[in-house]
Amino acid sequence: MSAEETACPRCAAAEIRSVTTSPVPGVWEVLQCPQCLYMWRTCEPDRRTRRDSYPDSFKLTAEDIANATEVPAIPALR
């Protein structure tokens with residue numbers, strides 16, 4: 001990962017986890033931020049993968065996350 005890929009594009013958290021990789025080695029990797037739960041593939045455009053290109057209106061801070069009124073629940077499986 002490059003320096004830009006070591007921080008979450010949405011909340012700038014330093015810790016990023018690898019979730020999975022492409023079936024063809026080296027094509028893409030799915031990364032997730034454990035702080036805001038944002039997930040992205042490394043092959044997506046900069047506006048989804050780089051903090052400096054991520055839309056300002058969707059950026060979060062640690063304070064935004066801590067003060068969130070509700071985290072949507074995952075519905076039960078049928």
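Ser-22 is buried, with a relative accessibility of 6%, where buried denotes under 20% relative accessible area, exposed over 50% and partly exposed the range in between (1.4 Å probe, protein chains only). The model is a predicted one, in which local features require pLDDT of at least 70 and side-chain atom pairs pLDDT 80 or more, whereas totals for chains, interfaces and linings use all residues. Residues are numbered from 1 along each chain as its sequence is written, and side-chain values rest on heavy atoms, without hydrogens and water.

Ser-22 belongs to the loop that links β1 (17–21) to β2 (29–32), strands being DSSP runs (E, at least two residues) numbered from the N terminus. A polar atom of the Ser-22 side chain lies 2.4 Å from the backbone oxygen of Val-24. With neighbours within four places in sequence left aside, Ser-22 is in contact (heavy atoms within 4.5 Å) with Val-27 and Trp-28.

The largest nonpolar core, a set of buried Ala, Val, Leu, Ile, Met, Phe, Trp, Tyr and Cys residues joined through side-chain atoms within 4.5 Å, comprises 10 residues, among them Cys-8, Cys-11 and Cys-36. Outside its neighbours within four places in sequence, Cys-36 is in contact with Cys-8, Arg-10, Cys-11, Leu-60 and Ile-65. Cys-36 also appears in the lining of the largest pocket, as do Arg-10, Leu-60 and Ile-65.

Thr-6, in the segment before β1, is partly exposed, at a relative accessible area of 38%. Thr-6 and Pro-55 are separated by 49 residues in sequence and, C-alpha to C-alpha, by 18 Å in space.

Key:
Helices (H or I, at least four residues) and strands (E, at least two) are DSSP runs, numbered from the N terminus. A polar contact is a pair of N or O atoms within 3.5 Å; within protein, one must be able to donate a hydrogen and the other to accept it, and residues adjacent in sequence count only if both atoms are side-chain atoms. On a 1 Å grid over the protein atoms alone, a cavity is a set of points where a 1.4 Å probe fits but cannot get out, and a pocket is an open set with protein on both sides within 12 Å along at least five of seven lines; lining residues have an atom within 4 Å of a point.
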